[in-house]
Amino acid sequence: MYTNRFSRVGFILAAAGSAVGLGNIWKFPYITGENGGGVFVFVYLLTVILIGLSIFIAEVLVGSSTNQDSVTSFETLSPKGKKYWKYSGFTFLTGIIILSFYSIVVGWILNYVVIALTNLPQNSAEAESVFMTMLKDDIFTQLFYYTLAFLIIAYTISKGVKKGIEKLNNYLMPTLIMILIIMFFYSMSLSGFTKALEFMFYPNIEKFHASSIIIAVGHAFFTLSIGMATILSYSASLDRNINIVKASITIVSLDTLIAIVAGIIIFSVVFTAGQEPSQGPGLVFVTLPAIFYEMGIIGNIMAIAFFVALAFAAITSAISVLEPTVMYLVERKKISRKKATYGISFIFYILGIFALLSNTNSFSEILTFGTKNLFDWFDFITAAILMPLGGILLAVFVGYVMDKQQIRNKLVPLMGEKFFKLWLILIRYVAPISVFFIMLNETGLLKL
Ligand code: PHE
């Protein structure tokens with residue numbers, strides 16, 4: 001039995017900390033920019049509510065029903081003769097691969113906090129060169145910040161749920177939210193604010209394609225941290241008597257709200273500078289720093305606040321990816337938390353070094369396989385294959401394998417009969433089928 005438990009607020013902050021990450025502040029704004037703004041936001045909201053929230057509730061249900069690590073959870077909840085479902089618990093291995101490229105980006109952000117504090121690039125050409133030099137040539141700087149990210153993540157997890165994860169989130173999440181609120185109010189005073197609102201909420205059909213729907217569903221998954229035992233393991237470390245439906249709705253709403261607020265802030269800045277919103281992944285590391293510089297002292301303060309917020313969001317997500325594996329080793333294999341944490345962290349650290357080197361000029365050739373380098377492969381394998389697969393397994397398990405009466409007893413008092421029926425349809429049909437199509441599309445087996 002897990003004695004080291006989250007408090008109610010601790011759980012909500014930690015799960016929101018997991019959900020709110022690079023996906024919200026870095027990725028959501030640029031995919032919205034690339035996919036036509038308003039229509040994309042609308043489709044995204046729909047998928048978050050229909051697919052994201054229902055899988056999220058299912059994952060919290062599994063974790064909180066057993067209070068065990070993910071493998072034991074699946075094992076305990078499968079009926080006799082179907083105990084092989086325990087292997088679904090191993091989806092936590094996806095996290096090790098995610099960590100090995102996610103922590104590299106955490107490293108970049110830490111570097112950008114320092115850049116924001118010392119000297120921002122003065123125009124977009126310089127901003128581009130600062131980013132590209134870091135990425136392609138400066139192995140030492142990247143390794144330094146990557147190691148720092150690794151140490152923060154491993155240290156927090158080694159301290160456990162209460163003294164590590166909960167404590168860190170208790171500090172970082174409220175600070176992050178405060179920073180975003182202040183930045184939001186400031187962005188209201190910018191001339192680009194109304195244009196940003198219009199862009200985010202006014203449908204622009206032109207840039208919206210069938211593939212945008214797939215991107216929206218895929219992103220709903222990534223941003224909610226579902227399909228890889230993360231939310232399951234956090235929920236397993238939760239106090240028993242909490243309303244899991246209410247908690248799930250709170251976390252999912254917070255995640256969505258933060259993505260939208262981050263989008264409005266970023267687009268207000270971009271439109272005020274007279275630039276275009278569709279600038280791809282370079283939006284945060286290239287476009288914004290140069291605009292911040294042009295804004296003078298206020299821009300400088302904004303740059304610091306922005307990268308600190310991004311760092312906090314990314315760190316609280318990164319730690320959540322490591323926890324399920326460590327929990328499994330501690331609970332099931334009886335390895336001490338410290339040993340488990342540093343052992344697993346060492347594996348992702350080494351994998352990450354190869355991923356980091358694969359972006360650099362000196363090593364890109366030997367670390368590129370086919371069309372992608374190692375860094376992109378890790379991203380692709382996790383986002384296109386492993387996370388959707390984890391999501392399908394979870395939906396099928398809860399929808400078809402787990403004891404229906406047990407689920408009903410737990411959920412009907414919390415959501416009522418009508419919503420329970422709707423949720424069941426979403427979990428049994430809508431979620432697995434749509435996620436299956438994303439997988440086919442993203443792996444290139446079906447092209448939309
Ligand atoms: N949800 C996080 C984000 O939006 C990323 C993440 C994915 C975290 C999977 C944990 C598990 O950045």
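Mentor: The expected span of a helix is 1.5 Å times one less than its number of residues. Keep that in mind for this predicted model.

Trainee: How many residues does helix H10 have, and what span does it reach?

Mentor: Helix H10 covers residues 210-223, which is 14 residues. From first C-alpha to last it reaches 20 Å, close to the 20 Å expected.

Trainee: Which residues of H10 are buried?

Mentor: Start with the general idea. An α-helix has 3.6 residues a turn, so residues three or four places apart point the same way. In H10 the buried residues are Ser212, Ile214, Ala216, Val217, His219, Ala220, Phe221 and Thr223. They pack against several helices, including H1 (8-19), H3 (38-66) and H17 (404-442).

Trainee: What follows H10?

Mentor: Ser225 follows H10, in the loop between H10 and helix H11 (230-236). Its phi is near 60°, a positive value in a residue other than glycine. Ser225 is buried, with a relative accessible area of 8%.

Trainee: How many residues surround the ligand, and which are the closest?

Mentor: There are 16 around the ligand, and the closest are Leu22, Gly23, Tyr102, Phe222 and Ser225. For polar contacts, look at pairs of N or O atoms within 3.5 Å. A polar side-chain atom of Ser225 is 3.0 Å from a ligand nitrogen. Thr223 places a backbone N or O atom 3.2 Å from a nitrogen atom of the ligand, and a polar backbone atom of Ala19 lies 3.0 Å from a ligand nitrogen.

Trainee: How much of the ligand does the protein bury?

Mentor: Taken alone, the ligand exposes 320 Å², and the protein buries 100% of that.

Key:
Residues numbered from 1 in each chain as written. Predicted model: local features only at pLDDT ≥ 70, side-chain atom pairs only at ≥ 80, totals over all residues. Heavy atoms only, no water. Helix = DSSP H or I, 4+ residues; strand = E, 2+ residues; numbered from the N terminus. Buried < 20%, exposed > 50% of the residue type's maximum accessible area, 1.4 Å probe, protein only. Contact = heavy atoms within 4.5 Å. Near = heavy atom within 4 Å. Polar contact = N/O pair within 3.5 Å; in protein donor to acceptor, adjacent residues only side chain to side chain. Areas by Shrake-Rupley, 256 points an atom, 1.4 Å probe, with all protein chains shown as cover.
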